[in-house]
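Reader: I'd like a close look at a single part of this one: the protein surface beside the DNA. Could you walk me through it, and then show me how what lies around it is put together?

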There are 2 protein chains.
Amino acid sequence: MISVQEIARIANVSQSTVSKVLNGYSDVSQKTRDKVLAIAQQMGYVPNAAAISLVKNKSNIIGVIYEVASGFSNLFFSSILEAFRMEAEANGYTLILLSQNTTSQKTYWMQCLSHKIESVFIISTRDQSTVESELKNHGISVLTLDPMKESANLIATDNIQAIRLSLETLYNLGHRRIAFIQGSLGTYIGKSRLMGYLDFIKEHQLPSLYIPSISNDSYSVQEGYDTTNALLDQFASVDAIACCSDVLALGAIYALQDRKLRIPEDVSIMGFDDLRLCEIVRPKLSTIHQDYHKLGKMACENLLTRNASTQNQPILVAASVVIRASTRKRL
Amino acid sequence: MISVQEIARIANVSQSTVSKVLNGYSDVSQKTRDKVLAIAQQMGYVPNAAAISLVKNKSNIIGVIYEVASGFSNLFFSSILEAFRMEAEANGYTLILLSQNTTSQKTYWMQCLSHKIESVFIISTRDQSTVESELKNHGISVLTLDPMKESANLIATDNIQAIRLSLETLYNLGHRRIAFIQGSLGTYIGKSRLMGYLDFIKEHQLPSLYIPSISNDSYSVQEGYDTTNALLDQFASVDAIACCSDVLALGAIYALQDRKLRIPEDVSIMGFDDLRLCEIVRPKLSTIHQDYHKLGKMACENLLTRNASTQNQPILVAASVVIRASTRKRL
DNA sequence: TTGAAAGCGCTAACAG
DNA sequence: CTGTTAGCGCTTTCAA
């Protein structure tokens with residue numbers, strides 16, 4: 001690999017001149033500039049990232065924490081990561097996948113300090129409780145996607161708006177007895193969505209068709225199935241069901257099918273997430289689409305302008321509705 | 001952040017002594033060692049990765065190409081990446097997510113040269129055709145997961161063994177008229193699996209129940225549905241169907257259901273991939289499980305011992321069978 | 001408009 | 001066992 005020094009020697013100029021050309025400084029004659037650029041191009045010059053990082057004390061690297069979590073979420077994590085990566089690249093940043101093994105001694109923050117990483121995007125992590133604060137304590141900016149608890153450093157879909165969208169869709173189809181299958185009530189997401197439901201039915205003076213004592217912590221098919229049965233047992237009739245996830249919705253579909261209820265003729269169903277799942281179930285699932293691209297892009301934009309020490313705002317991204325075959329006008 | 005120089009000053013020793021202690025060299029007295037280590041520990045010393053990279057001309061960074069591809073495969077990519085990351089960390093390596101935008105000028109290989117990356121793991125990429133050779137031309141070792149074409153630098157499930165396992169399972173359940181739903185015949189994976197089927201039926205003198213003219217290039221539900229209908233139209237009776245993917249198998253399930261055939265009473269079905277899907281369809285899908293953990297781990301182990309210039313062998317990982325509810329003994 | 005020189009934090013001969 | 005010295009590739013004053 002060729003170095004700045006080499007180019008300087010060949011061009012018969014000093015190292016500093018080459019450096020200036022390469023960095024686009026203006027105080028270099030056009031002639032010199034052209035000569036240097038030509039040589040660099042021709043010799044296939046590639047800057048040494050380590051040398052630059054060392055002298056600038058800055059690496060242009062963003063850390064990403066992306067551990068496999070359980071559940072289906074991996075599907076959209078990769079889309080978010082993709083959008084994040086594109087935005088990072090557009091801003092001249094490279095992504096490092098942080099890794100904190102129990103056997104090795106390296107913690108996330110050590111890797112950050114070692115690589116001069118100032119910002120970390122937490123997509124998913126097993127041990128959410130301490131990671132964020134540990135990083136912040138070392139002066140590192142953090143943004144967490146869909147955290148368990150509310151935080152100033154979160155980025156997420158605007159869950160209240162999103163669930164309202166789901167309910168509005170059903171409402172506008174003429175449904176009035178709209179049941180709700182909540183997610184985990186121990187999480188920020190789950191609580192927000194429930195709040196959205198409660199707000200909505202209150203506003204529109206609809207009956208409250210949900211069972212407060214249930215918390216569907218794993219968002220599983222079985223939970224969706226059981227909750228649906230409980231709803232149908234407890235409430236005389238149900239026009240539609242709004243679910244907190246597509247997987248819960250699938251459980252609802254199975255429960256309805258087992259009771260010989262037709263979807264959407266008898267009951268309309270709305271999912272939430274817009275997983276690939278929606279396209280392959282029968283009937284295809286109407287759902288709430290989270291804007292994965294925007295989530296990733298905004299996460300990056302925001303992280304780069306964030307300051308670890310100042311007060312930050314959570315970032316909420318609007319969702320949209322996708323109508324497929326599991327919903328229809330009330331007869 | 002504290003530096004080696006600082007520690008040296010405080011400990012009243014030279015920089016090189018500190019360096020030796022930190023790097024575990026033996027030619028340092030226990031006393032000095034203890035003193036230095038204590039200070040480093042207490043002052044929270046973290047080595048500067050850039051400085052080390054610069055002086056050693058080696059970064060201990062592995063590149064990963066992980067772009068969102070279409071299809072369901074994203075589901076297990078993250079598991080493989082996870083295993084890969086753990087193994088990398090155990091060997092003292094960090095992962096960089098390579099990114100090659102059309103707008104920016106930075107190519108994959110430039111990023112590698114810049115960061116002194118010697119090895120790249122290609123999990124998924126949009127433009128598979130040129131990436132591998134471009135990297136290799138720059139002296140970078142490459143390993144590609146499930147490439148489109150056969151190559152010395154591939155890592156994949158042993159597809160022939162895997163599909164044989166699927167067929168053996170059905171055979172041992174007493175099925176003899178075993179149909180096959182192939183995948184894309186334009187890819188290495190698709191061709192291997194078909195070969196596995198042809199070998200097996202020849203060996204066991206079974207009828208060939210597959211339609212050579214079909215290539216299911218997108219591994220979609222619809223393709224599975226259509227192929228199943230074609231099979232049932234063309235062949236008098238079918239005991240079982242071995243599919244090249246879980247999604248194709250789902251299409252087969254729908255087709256059978258629409259023809260009022262029961263699964264597994266009338267027809268047994270084997271999927272391939274062991275996606276989460278298998279657990280949530282009705283009936284739950286028996287399938288071939290790819291060893292994602294081993295794929296990721298071996299990819300890393302192997303990549304680190306690979307040499308870009310020498311001849312390398314493809315890596316094939318054995319699959320296993322998972323029995324759920326879509327298969328049963330022939331009556 | 002150009003160049004000389006210093007130095008980022010670290011390692012690696014080599015000499016003592 | 002310990003220290004001196006040079007230098008990795010680059011940027012950045014500062015002087016010319």
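Author: Let's start with the bookkeeping: Ala, Val, Leu, Ile, Met, Phe, Trp, Tyr, Cys and Pro count as nonpolar, Asp, Glu, Lys and Arg as charged, and the others, Gly among them, as polar. With that sorting, the surface near DNA strand D splits into eleven nonpolar, 13 polar and three charged residues. Bear in mind that you're looking at a predicted model.

Staying with DNA strand D, there are 27 residues around it, and the closest ones are A:S3, A:S16, A:S19, B:V13 and B:S16. Both chains pitch in here: α1 (4-11), α2 and α4 of chain A, plus α2 and α4 of chain B, are the elements that give two or more residues to this surface.

Now swing over to DNA strand C. It has 26 residues surrounding it, with A:V13, A:S14, A:S16, B:S3 and B:S16 the closest. On this side, at least two residues each come from α2 (15-22) and α4 (49-56) of chain A, and from α1 (4-11), α2 (15-22) and α4 (49-56) of chain B. If you want the biggest contributor, look at α4(B), which supplies five residues, the largest share of the surface near DNA strand C. Sorted by class, that surface has eleven nonpolar, 13 polar and two charged residues.

One of those contributors, α1 of chain B, is worth following away from the DNA. Its axis comes within 10 Å of the axis of helix α3 (residues 30-43) of chain B, and the two cross at roughly 125 degrees. An angle like that makes α1(B) oblique to α3(B), and the crossing is right-handed. On the α1(B) side, the contact uses B:I7, B:I10 and B:A11, while α3(B) brings B:K35, B:V36, B:I39, B:A40 and B:M43. Count up the classes in this contact and you get seven nonpolar residues, no polar ones and one charged.

One last stop is in chain A, at A:Q128 in helix α7 (residues 128-137). A:Q128 is partly exposed, because 17 other C-beta atoms lie within 10 Å, and a residue needs 20 or more to be called buried, or 12 or fewer to be called exposed. Leaving aside residues up to four places away in sequence, A:Q128 touches A:P147 and A:M148. For the A:Q128 and A:M148 pair, the C-alpha atoms sit 7.7 Å apart in space, although the two residues are 20 apart in sequence.

Key
Residues numbered from 1 in each chain as written. Chains lettered and ligands numbered in written order. Predicted model: local features only at pLDDT ≥ 70, side-chain atom pairs only at ≥ 80, totals over all residues. Helix = DSSP H or I, 4+ residues; strand = E, 2+ residues; numbered from the N terminus. Contact = placed C-beta atoms within 7 Å. Near = placed C-beta within 6 Å. Axes fitted to C-alpha atoms, helices over the stretch in contact; angles between N-to-C directions. Parallel < 35°, antiparallel > 145°, perpendicular 65-115°, else oblique. Left-handed = near helix turned anticlockwise from the far one by under 90°.
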